[in-house]
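Work through the exercises below with the structure in view. Try each task before reading its solution.

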Amino acid sequence: MTDTVPPKASPADVALTDVAAHLTREPMLGQVSKPVNRQNLSASAIDWKPLQRGGANFRTHCLHDVAPDRLEFRASGGLRRFCLVFIVAGLALSGLFVSEQLAAGPRIDQWLPVLFPLLFVLAGVVMWWLAGQRRVFDLTQGYYWRGKGRVTGPEALNKQKDVVALAEIRALQLLEERVHSDGASYYSFELNLVLAGGRRINVIDHGSRASVVKDVTLLGQRLGVPVWDRS
């Protein structure tokens, strides 16, 4: 079952700080606005408000067909480069300040500006770590989770985030959100899992509609669930 809406205009550029704030946010679990009958669950019965406000204006994740029984959303090269911008810029500025202060003399109060660029380095490292968390659909084990590494047993699975049995997934929800930032605007496209009872779990949220539509189509085919598309 697919509800389609014509795509909107191309996204505009967004400030780096806005995208950074979005990438470092933890995905949130959604709450349905009214009880939903799990036997008659339909696209019109679930909540269509975005689970995760905001979003990047570039592709942050892409689906990898790792094996016949396993698919993973992994960080894109664009997201990795975005993280490196913060790390490299912070290190460069810190190096510049250090060289200037060494020339000026050992006054402790003048070394405080060196700490500010290190915040960029810290932000880049945190974003890099979060980008490394994969969104895994393992058909052999029968579970979806968000985390790192291959899960080999119940104990390791319990340490992952957003763990849900694939049998609980009733549909894949694709919606769009108009994001406004510093006078500019763009569209971000959000993919959510719709579970029995209408609960939703966010998987990805980025600005490339063509990429997310391609990924969600393959994912729906492999999971054997419908795609509810209002993007």
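**Exercise 1. Decide how far to trust the model.**

*Task:* Find where confidence is lowest and where it is highest in the chain.

*Solution.* Start with the average. This is a predicted model, and its chain averages a pLDDT of 78. Of the residues, 76% score at least 70. Next, go element by element. Helix 1 (residues 16-23) has the lowest confidence, with a mean of 44. Helix 5 has the highest, at 94. Then check the start of the chain. Over residues 1-38 the pLDDT is below 50. That stretch still has 95 contacts in the model beyond near neighbours in sequence. Be careful with them: where pLDDT is low, predicted coordinates should not be read in detail.

**Exercise 2. Lay out the five-stranded sheet.**

*Task:* State the strand order of the open sheet of five strands, and say which strands stand at the edges.

*Solution.* The order is 1-2-3-4-5, and the pairing is antiparallel. Now look at the ends. Strand 1 and strand 5 (161-165) each have a single partner strand, so one side of each lacks a neighbour in the sheet. Neighbouring strands are turned by 15° against each other on average, direction ignored.

Follow the pairing from strand 1. Strand 1 (residues 61-67) pairs with strand 2 over six bridges, in the antiparallel sense. A hairpin of two residues joins strand 1 to strand 2. Ala 67 has Arg 70 in strand 2 as its bridge partner. Strand 2 also runs antiparallel to strand 3, and four bridges join them. Two partners in strand 3 can be picked out: Phe 137 for Leu 71, and Arg 135 for Phe 73. Strand 2 is mostly covered, with five of its six residues buried.

**Exercise 3. Trace the aromatic cluster.**

*Task:* Which residues form one aromatic cluster, and how are their rings arranged?

*Solution.* A search of the whole structure finds three aromatic pairs. Take Phe 73 and Phe 137 to begin. Their ring centres are 6.5 Å apart and their planes meet at 65°; an angle over 60 degrees counts as edge-to-face, so this pair is edge-to-face. The pair links distant parts of the chain, 64 residues apart: Phe 73 is in strand 2 (residues 70-75), and Phe 137 is in strand 3 (residues 134-138). Both Phe 73 and Phe 137 are buried.

Move on to Phe 137 and Tyr 144. Here the centres are 4.6 Å apart and the planes are at 40°, so the pair is tilted. Tyr 144 is buried, as is Phe 137. Put the pairs together: Phe 73, Phe 137 and Tyr 144 form one aromatic cluster.

**Exercise 4. Compare with the four-stranded sheet.**

*Task:* Give the strand order of the open sheet formed by four strands, and find the helix that packs on the sheet.

*Solution.* The order is 8-7-6-9, with mixed pairing. Strand 8 (200-206) and strand 9 (227-230) are the edge strands, each pairing on one side only. Neighbouring strands here are turned by 25° on average, direction ignored. Strand 6 (residues 169-181) pairs with strand 9 in the parallel sense over four bridges. Within this pairing, Leu 174 has Asp 229 in strand 9 as its bridge partner.

Now add the helix. Helix 5 (residues 209-223) packs on this sheet and touches strand 6, strand 7 (184-195), strand 8 and strand 9. Its direction makes about 170° with that of strand 6. Helix 5 also packs on the five-stranded sheet, touching strand 1, strand 2 and strand 3. There its direction makes about 35° with that of strand 1.

Methods. Residues are numbered from 1 along each chain as its sequence is written. This is a predicted model: local features need pLDDT of at least 70, side-chain atom pairs count only at pLDDT 80 or more; totals for chains, interfaces and linings use all residues. Side-chain values use heavy atoms; hydrogens and water are left out. Rings of Phe, Tyr and Trp (its six-membered ring) pair if their centres lie within 6.5 Å; planes under 30 degrees apart count as stacked, over 60 as edge-to-face and the rest as tilted. Buried means under 20% relative accessible area, exposed over 50%, partly exposed in between (1.4 Å probe, protein chains only). Two strands pair if DSSP finds at least two bridges between them. Axes are lines fitted to C-alpha atoms, for helices over the stretch in contact, and angles run from 0 to 180 degrees between N-to-C directions. Contact means heavy atoms within 4.5 Å. pLDDT is the predictor's confidence in each residue, from 0 to 100.
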